[in-house]
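The following exercises are to be worked with the sequence and the three-dimensional model at hand. Each task is followed by a solution in steps.

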Amino acid sequence: DEAIRLTHMSKASLADELHDAPQGGGGQRGSSRPGGRGARGEDVTSRIFQVLKDYATVSRTNRVELKLCEAMVLRKGFTAQQLQTCLEEYQALDIIQMNATGTHIDFLGEVS
């Protein structure tokens, strides 16, 4: 299932790049519709993860407090349930891990 999702994401990304190319590439990443697909065809789960990863990158840390994550995604218009789904999916892929007390998210590997 993940391989199929990634294939679709890749195709959507290429289609968006081709669509944006004649206009000078001034397209904006993301979408103002949290429940919909982003400008690059990202699903909600991927968009939420990108918010979290971007914060970790800017903060130069591999650990982010869960309450802060929740505040960030709610402010972007997503729901707590969507955040939970995102966290579960990325934990299953061994990309993130919750600490034992469930108060922090650890990004496995380097955050770039």
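Buried means under 20% relative accessible area, exposed over 50%, and partly exposed in between, with a 1.4 Å probe and protein chains only. The model is predicted: local features need pLDDT of at least 70, side-chain atom pairs count only at pLDDT 80 or more, and totals for chains, interfaces and linings use all residues. Residues are numbered from 1 along each chain as its sequence is written, and side-chain values use heavy atoms, with hydrogens and water left out.

**Exercise 1. The elements**

Task: State how many helices and strands the protein has and give their order from the N terminus.

Solution.
Step 1. Helices (H or I, at least four residues) and strands (E, at least two) are DSSP runs, numbered from the N terminus.
Step 2. The protein holds four helices and three strands.
Step 3. Their order from the N terminus is α-α-β-α-α-β-β.
Step 4. Of the 112 residues, 30% count as buried.

**Exercise 2. The sheet and its helices**

Task: Determine the strand order of the sheet and identify which helix touches β1, β2 and β3.

Solution.
Step 1. Two strands pair if DSSP finds at least two bridges between them.
Step 2. The three strands form an open sheet in the order β1-β3-β2, with antiparallel pairing. At its edges are β1 (63–65) and β2 (96–98), each of which pairs on one side only.
Step 3. From one strand to the next, the twist averages 25°. Axes are lines fitted to C-alpha atoms, for helices over the stretch in contact, and angles run from 0 to 180 degrees between N-to-C directions.
Step 4. Three bridges join β1 to β3 (residues 104–107) in the antiparallel sense; Glu65 has His104 in β3 as its bridge partner.
Step 5. Contact means heavy atoms within 4.5 Å. Helix α2 (residues 44–59) packs on the sheet and touches β1, β2 and β3, its direction making about 80° with that of β3. Helix α4 (residues 80–92) lies across β2 and β3 and runs at about 115° to β2.

**Exercise 3. The aromatic cluster**

Task: Find the two aromatic pairs and classify each by the angle of its ring planes.

Solution.
Step 1. Rings of Phe, Tyr and Trp (its six-membered ring) pair if their centres lie within 6.5 Å; planes under 30 degrees apart count as stacked, over 60 as edge-to-face and the rest as tilted.
Step 2. The structure holds two such pairs. In the pair Phe49 and Tyr90, the ring centres are 4.1 Å apart and the planes lie at 10°, so this pair is stacked.
Step 3. Phe49 belongs to helix α2 and Tyr90 to helix α4, so the pair ties together parts 41 residues apart in sequence. Both Phe49 and Tyr90 are buried.
Step 4. For Phe49 and Phe107, the centres are 5.9 Å apart and the planes are at 50°, so the pair is tilted. This pair links Phe49 in helix α2 with Phe107 in strand β3, 58 residues apart, and both residues are buried.
Step 5. Ring pairs thus join Phe49, Tyr90 and Phe107 into a cluster.

**Exercise 4. The two faces of α3**

Task: Decide which residues of α3 are buried and which exposed residues its opposite face carries.

Solution.
Step 1. In helix α3 (residues 66–75), the buried residues are Leu66, Cys69, Met72 and Val73.
Step 2. These residues cover an arc of only 120° around the axis, which puts them on the same side of α3; the arc is that of the directions from the helix axis to the C-beta atoms.
Step 3. An α-helix has 3.6 residues a turn, so residues three or four places apart point the same way.
Step 4. Exposed Lys67 and Arg75 are carried by the face turned away from the buried side of α3.
Step 5. The buried residues of α3 pack against α2, β1, α4, β2 and β3. Just after α3, Gly77 takes a positive phi of about 100°.

**Exercise 5. The cysteines**

Task: Establish how many disulfides the structure contains and whether Cys69 is buried or exposed.

Solution.
Step 1. A disulfide is a pair of cysteine sulfur atoms within 2.5 Å.
Step 2. A search of the whole structure finds zero disulfides. For Cys69, the nearest cysteine sulfur is that of Cys86, 9.2 Å away.
Step 3. Cys69 has 1% relative accessibility and therefore counts as buried. Cys86, at 0% relative accessibility, also counts as buried.
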